[in-house]
Amino acid sequence: MKSWSSLFLIPIFILAIASFGFAQLQPVHFSFAASTGSNATTVIPLSIDPAYSDGQPLATGDEIGVFTPDSLCCGAVVWQEKSGALTIWGDNQETTPIDGFRAGEQLHFRVWQQSTDIECEAEVTFESGDTETFQANGFLVMKSLVAHLPERLRGDVNNDGALDIQDVMLIVEIILNKKAPTEDETWAADCNEDGVINVLDVVLLVKWILNP
Ligand SMILES: [Ca+2]
Ligand SMILES: [Ca+2]
């Protein structure tokens, strides 16, 4: 299943992880049962440049979590803009509750963006190719990771998921040149989608807020 090239990489990654391991941050967002008695490991090489669907890279403090098909988190790692390793915990068969992966279950990944407090699904591929499943003591090397940020909402300039007076204030600030909007904010502020941000967008947004 594993290619010779990924087997060759194992000692290199173990060395790299061991030398940087002392500074590894602990996840604060994703929680899971650790030390269940069985696990697998996936290495996340820095060279794969994990990124969001809008092209921005994962930042230090963002978290990558691994989930069972039943949406149970079974491991997470804090991205620190260097190669890392994610321990994927298997189910403890000596206890009744399911607290980890069972053999053969497909791995699902989610990413938490610290700056926005948004959690989203991530699409991951591995060096070995096929869709990956949990095998105790398995060792995988990630080949790509793209986290799919949720679609932004027109009018939600501060991207907090709600349309309210704060968004109106931001559009007014943009119109008065008191705020230089980012590309995303420009998109969200243009409520009537006519390519310019002006009082018509404010009027429309107020209408949306009053008549949700
Ligand atoms: Ca908002
Ligand atoms: Ca407009």
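Let's start at Ser53, which sits in the loop between strand S2 (51–52) and S3. Keep in mind that this is a predicted model. Is Ser53 buried or exposed? Neither label fits: Ser53 counts as partly exposed, because the model places 15 C-beta neighbours inside 10 Å of that residue, and buried takes 20 or more.

What does Ser53 touch? Set aside residues up to four places away in sequence, and the list reads Val146, Ala147, His148 and Leu149. Now look at Ala122. Ser53 and Ala122 are 69 residues apart in sequence. In space, their C-alpha atoms are 9.2 Å apart.

Let's step back to the whole chain. The protein has four helices and eight strands. Along the sequence, the pattern is α-β-β-β-β-β-β-β-β-α-α-α. The protein has 212 residues, and 26% of them count as buried. Here is one more number for the fold. Take the contacts with a separation of 6 or more: residues 24 or more positions apart account for 61% of them.

Next, the strands. Follow S8 in particular. Strand S8 covers residues 139–147. Which way do S7 and S8 run, parallel or antiparallel? They run antiparallel, joined by five bridges. Two pairs are easy to find on screen. Ala122 stands opposite Ala147 in S8. Val124 stands opposite Leu145 in S8.

S8 has other partners. S1 and S8 run parallel, with three bridges joining them. There, Thr41 has Phe139 of S8 as its bridge partner. S2 also runs parallel to S8, through two bridges. In that pairing, Ala51 has Val146 of S8 as its bridge partner. You have met Val146 already: Ser53 touches it.

Now the other pairing of S7. Strand S6 (residues 108–113) pairs with strand S7 (residues 118–126) in the antiparallel sense, over five bridges. Arg110 stands opposite Glu121 in S7. S6 and S7 form a hairpin, with four residues between them. One residue of the turn deserves a look: Asp117 has a positive phi of about 60 degrees.

Why stop at a positive phi? Most residues other than glycine have a negative phi. Asp117 has company here. Glu81 has a positive phi of about 55 degrees, and it is not a glycine. Glu81 lies in the loop between strand S4 (73–78) and strand S5 (84–89). Glu193 is another non-glycine residue with a positive phi, near 55 degrees. Glu193 belongs to the loop between helix H3 (183–189) and helix H4 (199–210).

How do the two glutamates differ in exposure? Glu81 is partly exposed, because 14 other C-beta atoms lie within 10 Å. Glu193 is exposed, because it has 9 other C-beta atoms within 10 Å, and the limit for exposed is 12 or fewer.

On to the inside. In soluble globular proteins, nonpolar side chains tend to be buried together. How many residues does the largest nonpolar core have? The answer is 28, and Ile64, Ile88 and Met142 have the most contacts inside it. Strand S1 (39–44), strand S3 (63–67), S4, S5, S6, S7 and S8 each supply at least two residues of this core. Which strand gives the most? S8 does, with five residues.

Zoom in on Ile88. Leave aside its neighbours within four places in sequence. Ile88 is then in contact with residues including Asn39, Ala40, Thr41 and Thr42. Also among its contacts are Val66, Cys74, Phe101, Leu107 and Phe134.

There is another core, apart from that one. This core has ten residues, among them Leu163, Ile174, Ile197 and Leu205.

Leu205 leads us to the helices. Helix H2 (residues 165–175) and H4 have axes that come within 10 Å and cross at roughly 175 degrees. That angle makes H2 roughly antiparallel to H4, because the label applies to angles over 145. Which residues meet? From H2, they are Asp167, Val168, Ile171, Val172 and Ile175. From H4, they are Val199, Asp201, Val202, Leu205 and Val206. What kinds of residue make up this contact? Eight are nonpolar, none is polar and two are charged.

To close, go back to S8. This strand runs antiparallel to S7, parallel to S1 and parallel to S2. S8 also gives the most to the core of 28 residues.

Key:
Residues are numbered from 1 along each chain as its sequence is written. Chains are lettered from A and ligands numbered from 1 in the order in which they are written. This is a predicted model: local features need pLDDT of at least 70, side-chain atom pairs count only at pLDDT 80 or more; totals for chains, interfaces and linings use all residues. Two strands pair if DSSP finds at least two bridges between them. A nonpolar core is a set of buried Ala, Val, Leu, Ile, Met, Phe, Trp, Tyr and Cys residues joined through C-beta atoms within 7 Å. Two residues are in contact if their C-beta atoms, placed from the backbone, lie within 7 Å. Axes are lines fitted to C-alpha atoms, for helices over the stretch in contact, and angles run from 0 to 180 degrees between N-to-C directions. Angles under 35 degrees count as roughly parallel, over 145 as roughly antiparallel, 65 to 115 as roughly perpendicular and the rest as oblique. Ala, Val, Leu, Ile, Met, Phe, Trp, Tyr, Cys and Pro count as nonpolar, Asp, Glu, Lys and Arg as charged, and the others, Gly among them, as polar.
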